[in-house]
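Me: I am new to this structure and would enjoy a close look at one part of it: the salt bridges. Please take me through them, and then show me what lies around them.

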Amino acid sequence: VVLQDNHIKTSKYNIFTFLPINLFEQFQRVANGYFLVLLILQLIPEISSLSWFTTIVPLVLVLLVTAVKDATDDYVSSALYSFSSECSFVLHAKGVCSKFSPIRINADILLLCSSEPYGLCYIETAELDGETNLKVRQALTVTSDLGDITKLMNFDGEVICEPPNNKLDKFTGTLYWRDNKYPLDNDNMLLRGCVLRNTEWCFGMVIFAGLQTKLMQNCGRTTFKRTSIDKLMNTLVLWIFAFLICMGVVLAIGNTVWESWIGRNFQVFLPWDESQRSAVFSGFLAFWSYIIILNTVVPISLYVSVEVLRLGHSYFINWDRKMYHSQTDTAAEARTTTLNEELGQVEFIFSDKTGTLTQNIMVFRKCSIDGRTYGMELSKTACVDFSFNPLCDRRFRFYDSTLVEAIKLEDPAVQEFFRLLALCHTVMPEEKRHLVYQAQSPDEGALVNAARNFGFVFRARTPETITLCEMGQAVTYQLLAILDFNNVRKRMSVIVRNPQGQIKLYSKGADTVIFDRLDPSSEDLMYTTSEHLSEFAGEGLRTLALAYKDLDEDDFEIWMKKLLFASTVIENREDQLGALYEEIEQGLKLLGATAIEDKLQEGVAETIACLNLADIKIWVLTGDKLETAMNIGYSCNMLRDDMNEVFVVSGHTLQEPLLEHILLDVACLCKTVICCRVTPMQKAQVVELVKRHKRAITLAIGDGANDVSMIKTAHIGVGISGQEGTQAVLASDYSFAQFRYLQRLLLVHGRWSYFRMCNFLCYFFYKNFAFTLVHFWYGFFCGFSAQVRILPDLSVFLKDVDDRTSLRYPGLYKPGQQNLLFNKRLFFLCTLQGMGTSFLLFFIPYGAFSVMVKEDQQAFAVTIATSLVIVVSVQIGLDKHYWTAVNHLFIWGSVTVYFAILFAMQSNGMFGILPSNFPFVGTARSCLSEQSVWLVILLTTVVCVVPGLAVSFLRVRHLQQSRKREGPQGQNLRRVRRTSSRRSAYAFSHQQGYGELITSGKNMRASAVSSAHSPGRTPHSSNWIENMLKRKNEVSCISDESGDRAKNRLPSSSTEPELH
Amino acid sequence: MGKVKGKPGPLARRPDNSAFKQQRLPAWTPMLTAHTVLPSFYFMSLICMLLGVWLLLTVQTTKEIKLDYTDAGTCNKCFEKRKNASNAAQPCSCSVVLPIEKPFKGDVFFYYGLRNFHQNLRRYMDSRDDGQMVGRKKNLMNPSSYCIPFAKDQNKIPIAPCGAVANSIFNDSFTLKYHGNNGSPELVPLLRGGITWYTDKNVKFRNPKLDGSTLAQVFNGTGKPPYWHKPVYELDPSDSTNNGFINEDLIVWMREAAFPNFKKLYGVLNRANPPFTKGLPAGNYSIEIQYNFPVQYFRGRKEVVLTTLTWFGGQNHFLPIAYLVTSSLILLIAVVLTVLWWKFGKNGKNMEE
């Protein structure tokens, strides 16, 4: 096996390749290439109408700024990446050794042996598929005793396996060792991204490292993201370019005509060059000259200004305190600076579930015992004091002291309720300094933990016993059987013999399942409990019903024999066992129900509601099971029973290519879409699908490595930081600590960014057209000879500096994602306004100057330039709705700087140095001291500004009226109380097979097992892993099927849980 | 792009709580409400109206008289003579009559005007060497390539001043005569100095350093522009300080006009002696012209203009009329807006409150 370096290279450049590659990339931009061509044109003296440095200085500036920015971006990201791969150096030694669980696996490893018996190893794969339950991996039996370092050193096996691929659930390979062949599959593998749990150490052999790992193969390609405004800008640049050519042609024709009619006669004073043989040729030259003069319609500063504007916005995002999470000390971070305005245009959000919407913490919130509910709304009452219980978990919170009183009064129902919770589960206890539970699903952990706090502490288990500490007294129950959970049964039961010798069956499961199997005597209780369950469900809680049954000794003996027999048969064993379980789980007596909250991240429901109001569609994409995903959908308000448009689809359906379009069409009709059981690659495909066919801006948000691909694919990728793992954050464009900050990022920052960017662009084009077309008009009066001395290089510089920053401050919080603020129509309006302004700007001074005493061309130029600066400044002032100190500074500053530069350029000193380059000496001084010039400027300003003012006045009034109409919408934000149907089910992330694992004793430490070894059970449990695997497939088929069904039933009101 | 973590402690990465960073700068938010916009429209209209009326009244007090002398009176023969380029060296003088019915009070300015003369062509405007005209000796002997074909003459002698602009200098000269009551024509004294901008005369145009030699010696080795009759250092025989590049007529000509029809200052009435102490009295005047400048090639016209000035320039009717038109347009817009606001504004008004 050839080992690949585990270092993942993400940087684009190194020192030597930087300059050529970067320059090449930069000149690929339409604009930069265009300026290069211009520059070359200007070097031809016959054409050159501006001196060459007027273009090269800004071009070099632009290239330099961009290059520095690219270099730093690249440096920062590569630094981050190399940091993340450093921690995996251990892997090069072909092994992983962990004294602390949990540890994150950083390569795809073949498990050789572990601290646990039978080479077992527990992992959590939330990063990979979003599932939160523990999974088991087992080393090959031949290698499971390699735990000793010396033995390990002598291990010389060789693995032949499949080439690197992105299938997370499949692995095929063969281990050749000691002349034997051993088949390998996914159950022997620890993949990069999973976390080792409950396992002290393990040794493995690195199969894939670095980019070859399955996780990285799933990450998708990094593509350079461009915003739609960027694309629009490129198109517009092309249009403007075409427009420029048109103007050039018009003026060139004008020049030809003029030369042949008038210029011909003027040759006495201005003979034609030898090169200028005919009027046509002169027109041809004039064309190029005008291209150069009018090049400012596509100003070089546009791209740079846009970049700087975005950079500024990124800093504002970084600086925002309202997106700072103090618990984890994480501020929001804009990792890419080029996408800001797109935040204001998002139409689709693709969200991961685990870790993004949910905290992956289950909390025992309420219960119903014997027809009485316990547990109050949060913060209404004081937290229950559990100090009476020395073994309690201090982090546990419960808000109803009556339950504790009931416990203390030794209410038998309450006691039985918690006894059940303490007995009926597959949790493993671990007692070091504190008692810690290792639950295979957080739901179960929460229930056992609740029982522990209420005085029924589960302390220890062996394959045959369970030891509780009931109100301070140790009680040991004999564990007779575990009737394991599976997705069809939707319940689990245990049969125990208590110290009094009674045999009892404790069962917990989905309410419908339990209610079907109740003894008639529980009927009244069932109705009350049922009501309570509806109530719990209405609050978005996950419910389970609890029941028990006293068993007769003889009946149990007979049943047990049947069970032993059934577990040895080969064929139909599953069915037979199921039937047997069914047989004994009859005539149950209802105890009550529990309600668990799958804790959402803070403010998730409100955020989703708010984003929905802003017409953003939210799709949840998760690798988790259908039920879990839907449950979350309900609890975060995405699904409600009164909804008619819900679409739940599972990953297996997504694989069929033909369905793509149907899927998309159907999905887009729905308010809510939930995709479950999707692989990371499929997440990216879904995003890609929407991106491709909907032409909408998409945003993907996630926290784990399994979200990387979709984060990279979407227009905007958001990573949740501060949780485990940095993969998602590193791949993302924006990162912050909590899902709820998304609201602020989109609706505040996105809005502002978009708003300002659009304002900026409109203004920019307006200004440029106003500025440049003056030359065009002048062409008609100077024989189309491409004369410009209308101060070409002055005002361009100034205006960009000022509006860029000033635009940054005004801001209006307006939710809504109409992408109407900058489109082609608006672009035309802006340019039209610019043209109008330029027309007035030229012809008013023209009218005045043609009858004025001083009709010097330079004075004329200064007058026009000054009017232009003033008109444009007044215009920007009127466009602003917010005037902060910074605005004042920049607007007044820019006017001041204009005059400063004007006078500096026309000063004696400059003239003294380079007389031919600064021929304007003294013009401003003489010109601006004329009162008539100021009269002209005043007139021009008034005439140019008034129409715009009138229009915007009308528009504002129109807006006000329409806003009023839409006004009350904002009130709907208040959380609607759910009226959903009950969604009771077993802990969904549960996997079956653990019952067997426990009773087989395989997962007990050696000491425990040896004392309680039961030969009779061995055959039953020897093939438990195969069983588990078989069942796992079954489970996924079921959810797949239900996904299909959900799809078919689409238009009807879907209350998914009842489907099963 | 993360912030440098300077502060220790649990909230090390918390962004600063400054008004700037949190975008909470105090802002003045001018809303475009009816209460602010409409009055400002009326106000602007009023201001423009007042300005317009004032300017109009001022303009009424100015006097201006124009006379196209291209082929008027006896100048007809000169016009015909100049049609033939071979006669360029031959002098030709003529005179035209200029009756003034009402006296011109105050300062009177004498302009010459050209029509259809394109001083604003790019190649024409570039065809000059500012370095030469500021007296740099290097440029004097090596005129800029922009001056071509008027950089050097046939004998490769550098031309000073070089270029098409200088070469095409307007070289008619005028003598204004007043035919008073006593019969004999009286010369109207014109001040021929002080007709340029200060910066032009003192900064932009300088003669080469004399270093003890005469002006003629300094220009030794250069030739006059082809269309000129005398070299640059002999432009004004009456005033030795008005020769070379700082000759005021040359400077005025070198300040290129923006449009093909333009006028340039020729002189200002000297009001030192009667009868011109109060300006030009009414009566008959004649102008004697040294007719040198050919205009027939480009179908141009030549004219003289006598005018008095106001604080905002000459007899300029454009500005007052433009102001009055603007004023009425703004008023119109304001009225329309007011009507709109009045009609549909009821709910708008409520909204603002």
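The reply below begins with the salt bridges and then turns to the backbone, the surface and the annotated spans.

Reply: Happy to help! Please keep in mind that this is a predicted model, in which local features need pLDDT of at least 70, side-chain atom pairs count only at pLDDT 80 or more, and totals for chains, interfaces and linings use all residues. Residues are numbered from 1 along each chain as its sequence is written, chains are lettered from A and ligands numbered from 1 in written order, and side-chain values use heavy atoms, without hydrogens and water.

A salt bridge here is a side-chain nitrogen of Lys or Arg within 4 Å of a carboxyl oxygen of Asp or Glu. Searching the whole structure turns up 31 of them over all chains.

Let us start with Arg419(A) and Glu416(A), whose side chains meet in a salt bridge at 2.6 Å, N to O. These two residues are separated by about one helical turn because they sit 3 residues apart in helix H11 (residues 412-423) of chain A. (Helices, H or I with at least four residues, and strands, E with at least two, are DSSP runs numbered from the N terminus.) Arg419(A) is buried at 14% relative accessible area, and Glu416(A) is buried too, at 8%. Buried means under 20%, exposed over 50%, and partly exposed in between, with a 1.4 Å probe and protein chains only. The pair also belongs to a wider network of salt bridges, which links Glu416(A) and Arg419(A) with Glu470(A), Lys504(A) and Asp550(A).

Another salt bridge in chain A connects Arg491(A) to Glu585(A), with the closest N and O atoms 2.6 Å apart. Arg491(A) lies in strand S20 (residues 491-497) and Glu585(A) in the loop between helix H16 (573-584) and strand S23 (589-600), so this pair ties together parts of chain A that are 94 residues apart in sequence. Both Arg491(A) and Glu585(A) are buried.

Chain B has an example as well: the side chains of Asp249(B) and Arg192(B) form a salt bridge, again described N to O, at 2.6 Å. Because Asp249(B) is in helix H9 (residues 248-254) and Arg192(B) is in the loop between strand S8 (190-191) and helix H7 (198-204), the pair ties together parts of chain B that are 57 residues apart in sequence. Asp249(B) is partly exposed at 23%, and Arg192(B) is partly exposed at 30%.

Now for some backbone details. In chain B, a cis peptide bond joins Ile148(B) and Pro149(B), with omega about 10°. Pro149(B) sits in the loop between helix H5 (137-141) and helix H6 (164-167). Lys156(B) is in the loop between H5 and H6 of chain B; its phi is positive, near 65°, although it is not glycine. Lys156(B) is exposed, at 65% relative accessible area. A cis bond also runs from Pro274(B) to Pro275(B), with omega near 5°, and Pro275(B) lies in the loop between strand S9 (262-269) and strand S10 (279-280) of chain B. In chain A, Asp179(A) has a positive phi near 60° without being glycine. Asp179(A) is found in the loop between strand S6 (173-177) and strand S7 (180-184) and is exposed at 83%.

What forms the nonpolar patch on the surface? Its members are Leu954(A), Ile321(B), Val325(B), Leu329(B), Leu332(B), Val336(B), Leu340(B) and Phe344(B), with about 700 Å² of accessible area together. (Patches take residues with over 30% relative accessible area and no salt bridge, joining like charges within 9 Å and nonpolar side chains, namely Val, Leu, Ile, Met, Phe, Trp and Tyr, within 5 Å; areas come from the Shrake-Rupley method with a 1.4 Å probe.) Helix H10 (residues 318-352) of chain B gives the largest share, 7 residues. One of its residues, Leu340(B), is partly exposed at 32%.

Finally, an unreviewed UniProt entry annotates residues 41-59 and 321-342 of chain B as "transmembrane region", and such annotations may be inferred rather than shown by experiment. Residues 321-342 of chain B are 100% helix and 0% strand, with end C-alpha atoms 31 Å apart. Residues 41-59 of chain B are likewise 100% helix and 0% strand, and their end C-alpha atoms are 26 Å apart.
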